[in-house]
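The following exercises concern helix packing and the relation between two chains. Each task is followed by a solution in steps.

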There are 2 protein chains.
Amino acid sequence: MDLERYLLEKNGIINKRLEELLAKKDEYPQSLHAAMHYSLFAGGKRLRPVLTLAANEAVGGNMEDALDMACAIECVHTYSLIHDDLPALDDDDLRRGRPTCHKAFGEAIAILAGDALLTAAFEMAANSRGARKDAVLKAVGELARAAGSTGMIGGQVIDLESEGKETAFPVLEYIHIHKTGELILASIRCGAVLGNAKEDELAALTRYGRSAGLAFQIADDILDVKGSSAETGKPTGGDKKKGKATYPAFVGVAESGKRAKELADMAIDALKGFDKNADPLREIARYIVARKK
Amino acid sequence: MDLERYLLEKNGIINKRLEELLAKKDEYPQSLHAAMHYSLFAGGKRLRPVLTLAANEAVGGNMEDALDMACAIECVHTYSLIHDDLPALDDDDLRRGRPTCHKAFGEAIAILAGDALLTAAFEMAANSRGARKDAVLKAVGELARAAGSTGMIGGQVIDLESEGKETAFPVLEYIHIHKTGELILASIRCGAVLGNAKEDELAALTRYGRSAGLAFQIADDILDVKGSSAETGKPTGGDKKKGKATYPAFVGVAESGKRAKELADMAIDALKGFDKNADPLREIARYIVARKK
């Protein structure tokens, strides 16, 4: 299969639906909606919502049933980036090659735009068209848990508190698994739940999601060391400058690359019970460790 | 009926359930959970969740069906206070007689504790016990809309952007209706929806909620002018100092008091089709304009 074409097609579908679901850019209050659109339509890869659709496809689901949830997950991801970039947190000026939300709109609007995207996520998720109500509720609950204080936000807190300190390897793994891994896993599980996945399918996709999520974060760490700023759209070497714990800092770039590749193989292996409907997930696992940004 | 006793009893039930639903104070990451508990258990009046339970009671619902949603709404309210108090927004040092969350835990943790409470709200709402799944989904969608960019957050944005400027009266009403009114209205509607309210009951409670919500905010404005800091737990006169538009600034304290009283009467009038199960709502409308904090 042609992954590039698949990603392009799904991106188009996701972006169109996001435009439909979100309040318009010029809706009152305009500063707020402009900021939300600025960050949401900044050329992100849409990896998480694509995973939602791909997991839904793998279990033979109907794409329409998972589309609103996919959009919701992208909103959660975007809010987390806006808040991560704030001066009180990572204090980043650039994101995807453009000024961060608070640089462009000021800190107050950035905080509120993040809040509004998180809130909008749950509105679109709860109002999901098509899917069975009990599946929607289960998916909304999973998304909230994954994004919450013992999931993504928990990872963000430990990441912040570890900055500039000597970090033990288990702490680094906690950060990676929670800050990035939980939302990636939820993206996959929500897509499967909305496709009425059977128990064993959900278990296999959970194994896929855990491996793929960690592979993604290790690849991200490697890109921060090796990638060029022009490719990644943000200054590289930022992790080291901030004293952030990373995989390469512990085991070196080569060993990190090897570990990411192993995890991608494990993810693909978890899909062995699935037919060709899971090919997009297989290709995405390969892409996660091969990408240049 | 004895409102004080009613509020005390419901407060006990809500606080107990919040403790059950929320991650424990000493759960990892501890700084985050300590900050969430600090702000959530700060002696708030629990007006919004009590309204949820009272509206549920008015339509003859089962309290257990609305309790988790009531807790969720209190989490949304608390998150909004934490973020409102941040230096980039209202920059307040005191809340309910104690240092604000960012004063006690630092700005980064305060931002993330707010995010986590908002996220936890949707987790507890989606996982609501007992109630019919379609009612839960409808309520979750309503809560998200009310708290979002065209609801509460929209009001907060216009409030910020109006500070220190000459504000037209319709803008003040927009701020009041959105910043405070929307969540109060949602508290009532969600309780009714989870009690399987009939269409005409929901319409009447919506009229009640709009009037009560605006009455509440006008009473808040009056308290900021007239109340003592010891009673309200925050410095009074803050609105004027910040150049915030308020009802008393437009029409004076006496006329504002009259308007609040009229709105409370309108709220009570909207309940004329209800029996004594709506007495708590009637008493709360009176309390809203008579309270000292």
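**Exercise 1. Identify the helices against which the buried residues of helix 14 of chain A pack, and check the length of that helix.**

Solution. In this predicted model, the buried residues of helix 14 of chain A pack against four partners of chain A: helix 1 (3–21), helix 3 (47–58), helix 10 (199–226) and helix 13 (247–269). The buried residues themselves are A:Pro280, A:Leu281, A:Arg282, A:Ile284, A:Ala285, A:Ile288 and A:Val289. In an α-helix there are 3.6 residues a turn, so residues three or four places apart point the same way. For the length, helix 14 of chain A (residues 279–290) has twelve residues, which at 1.5 Å a residue should span 16 Å. Its end C-alpha atoms lie 17 Å apart, in agreement with that expectation.

**Exercise 2. Determine how helix 13 and helix 14 of chain B are oriented to each other, and list the residues through which they meet.**

Solution. The axes of helix 13 (residues 247–269) and helix 14 (residues 279–290) of chain B come within 9 Å and cross at roughly 175°. Angles over 145 degrees count as roughly antiparallel, and the two helices of chain B are therefore roughly antiparallel to each other. Helix 13 of chain B contributes B:Ala260, B:Lys261, B:Ala264, B:Ala267 and B:Ile268, which meet B:Arg282, B:Ala285, B:Arg286, B:Ile288 and B:Val289 in helix 14 of chain B. By class, this contact comprises seven nonpolar, no polar and three charged residues.

**Exercise 3. Carry out the analysis of orientation and residue class for helix 7 and helix 9 of chain A.**

Solution. Helix 7 and helix 9 (residues 169–194) of chain A pack at an angle of about 175°, and their axes are 9 Å apart. The pair is therefore roughly antiparallel. Among the residues of helix 7 of chain A in the contact are A:Lys138, A:Glu142 and A:Leu143, while helix 9 of chain A supplies residues including A:Glu182, A:Leu185 and A:Arg189. The contact has eleven nonpolar, no polar and four charged residues.

**Exercise 4. Describe the contact between chain A and chain B and the relation of the two copies.**

Solution. The contact takes 43 residues from each of chain A and chain B. On the side of chain A, helix 2 (30–40), helix 6 (107–126), helix 7 (133–147) and helix 8 (152–162) each supply at least two residues. Helix 6 of chain A gives the most, with twelve residues. This side divides into 24 nonpolar, eleven polar and eight charged residues. A rotation of 180° with 0.0 Å of shift along its axis superposes chain A on chain B, with an RMSD of 0.0 Å. The copies are thus related as by a two-fold rotation axis. Finally, 100% of the interface residues of chain A are also interface residues in chain B, so the copies meet through the same surface.

Technical notes
Residues are numbered from 1 along each chain as its sequence is written. Chains are lettered from A and ligands numbered from 1 in the order in which they are written. This is a predicted model: local features need pLDDT of at least 70, side-chain atom pairs count only at pLDDT 80 or more; totals for chains, interfaces and linings use all residues. Two residues are in contact if their C-beta atoms, placed from the backbone, lie within 7 Å. Ala, Val, Leu, Ile, Met, Phe, Trp, Tyr, Cys and Pro count as nonpolar, Asp, Glu, Lys and Arg as charged, and the others, Gly among them, as polar. Axes are lines fitted to C-alpha atoms, for helices over the stretch in contact, and angles run from 0 to 180 degrees between N-to-C directions. Angles under 35 degrees count as roughly parallel, over 145 as roughly antiparallel, 65 to 115 as roughly perpendicular and the rest as oblique. Copies are superposed by least squares on the C-alpha atoms of residues with pLDDT of at least 70 in both. The expected span of a helix is 1.5 Å times one less than its number of residues. A residue is buried if 20 or more other C-beta atoms lie within 10 Å of its own, exposed if 12 or fewer, and partly exposed in between; C-beta atoms are placed from the backbone.
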